[in-house]
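Here's a quick look at one model, with the bound molecule taken up before the empty space inside. Have the coordinates open as you read.

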Amino acid sequence: MKPSVILYKTLPDDLLVRLKNHFTVTQLKDLSPETVRQNAQAFAEAEGILGSSEKVDKAFLEHTPKLRAASTVSVGYDNFDVDALSERHIALMHTPTVLTETVADTIMTLVLATARRAVEVAERVKVGEWKGSIGPDWFGIDVHHKTLGILGMGRIGLALAQRAHFGFSMTILYNARRHHQEAEERFNARYCDLDTLLAESDFVCISLPLTDETYHLIGAEQLAKMKSSAILINAGRGPVVDEKALIQALVDGKIHAAGLDVFEQEPLPVDSPLLSLPNVVALPHIGSATHETRYNMAACAVDNLIAALSGNVKENCVNPQVLK
Ligand SMILES: NC(=O)C1=CN([C@@H]2O[C@H](COP(=O)(O)OP(=O)(O)OC[C@H]3O[C@@H](n4cnc5c(N)ncnc54)[C@H](OP(=O)(O)O)[C@@H]3O)[C@@H](O)[C@H]2O)C=CC1
Ligand SMILES: O=CC(=O)O
């Protein structure tokens, strides 16, 4: 008999067929307590789950006594209680690498859009304000040859450094838990402590995961250390930045602008003060959202679940110790 799995995300048709070739699939809209209650038998039988963005904690796991693998269509896994999964010997699979280049492109988009005020001035054109030669009140600032500070020199940080170094002749500073020889050798990146990076960067780009250590890593104190001409870009996770402190820093002119793909609450509430600030570019968490990359992520997640439930994992496992 095929193992039972819960799918809580829409998959392209061919990937759904691939999943169904291996498993008995119950497709549900989410993992909310209500959905779990209404489908108690399916959760009781499930050996695998596949989807994204839903919280998977101890309380959820009580409803899935047979679970052996969870496959997330994302690289970030802060919505999973990894310790609780590991205690139960449940493998957590994720999708690194396939999205790296696309997310780095998104970060560069935010760098350029904020520096050149592309969204703001395009809106002005649309409402008919472009009536003659533009003056300094529509000007932006240069990106090329500036200093880019990267918080988190992992896969995405490295791909960003490549773009900034070769494409824009930027000086690269970075902070991570350890030194990254590849970044230093290929992109002449310089390791800095956080305070130095904040003080010297024209652009501070966050590509960090959300963990206990990175929660509110950037607050009022850190924002005050940035240049008043500097721009903050966050494409890691919203709660890495204290959003209230960021709004205050933008309102007070402590920093020049912000480009944000992630927020403390998503979707961003329509009454967020961020939306009324002209120097903020707010994107709806589109870091990896291209047709090609989202397809590749879904395919990777399907293959990950097949590998995990057939005891054939070679890569992409967050807690490989459970496989021993
Ligand atoms: N906006 C979006 O749509 C997307 C957002 N993301 C986010 O980007 C994150 C990074 O992805 P990826 O680059 O693949 O992950 P990696 O694991 O490759 O890189 C993470 C980097 O963060 C560093 N880091 C972790 N904790 C700390 C800390 N406490 N202090 C300093 N540095 C730290 C790591 O340091 P070290 O190298 O020293 O271990 C590493 O350099 C994801 O976890 C996710 O949250 C990812 C994809 C899309
Ligand atoms: O935010 C997206 C991810 O893949 O993580």
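What follows covers a ligand site and then a cavity. Keep in mind that this is a predicted model.

**The ligand site**

Start with ligand 2. Which residues surround ligand 2? The shell is made up of Ser74, Val75, Gly76, Leu99, Arg237 and His285. Sorted by character, that shell comes out as 2 nonpolar, 3 polar and 1 charged.

Three of these residues put an N or O atom close enough to an oxygen atom of ligand 2 to count as a polar contact, the cut-off being 3.5 Å. Here are the distances:

| Residue | Part of the residue | Distance to an oxygen atom of ligand 2 |
|---|---|---|
| Val75 | backbone N or O atom | 2.8 Å |
| Arg237 | side-chain N or O atom | 2.7 Å |
| His285 | side-chain N or O atom | 2.7 Å |

So how much of ligand 2 does the protein bury? Taken alone, ligand 2 exposes 190 Å², and 83% of that is buried by the protein.

**The empty space**

Now for the cavity. Rolling a water-sized probe over the atoms is a way to see where empty space remains. At a threshold of 30 Å³ or more, the structure holds 1 cavity. The largest cavity contains about 40 Å³ of space.

What lines the largest cavity? Its lining consists of Asn234, Gly238, Val241, Glu243, Leu246, Leu260, Val262 and Phe263. By character, the lining divides into 5 nonpolar residues, 2 polar and 1 charged.

Technical notes:
Residues are numbered from 1 along each chain as its sequence is written. Chains are lettered from A and ligands numbered from 1 in the order in which they are written. This is a predicted model: local features need pLDDT of at least 70, side-chain atom pairs count only at pLDDT 80 or more; totals for chains, interfaces and linings use all residues. Side-chain values use heavy atoms; hydrogens and water are left out. A residue is near a molecule or strand if one of its heavy atoms lies within 4 Å of it. A polar contact is a pair of N or O atoms within 3.5 Å; within protein, one must be able to donate a hydrogen and the other to accept it, and residues adjacent in sequence count only if both atoms are side-chain atoms. Accessible areas come from the Shrake-Rupley method with a 1.4 Å probe; for residues, only the protein chains shown count as cover. Ala, Val, Leu, Ile, Met, Phe, Trp, Tyr, Cys and Pro count as nonpolar, Asp, Glu, Lys and Arg as charged, and the others, Gly among them, as polar. On a 1 Å grid over the protein atoms alone, a cavity is a set of points where a 1.4 Å probe fits but cannot get out, and a pocket is an open set with protein on both sides within 12 Å along at least five of seven lines; lining residues have an atom within 4 Å of a point. Grid points are joined across faces, edges and corners, and a volume is the space filled by probe spheres set on the points.
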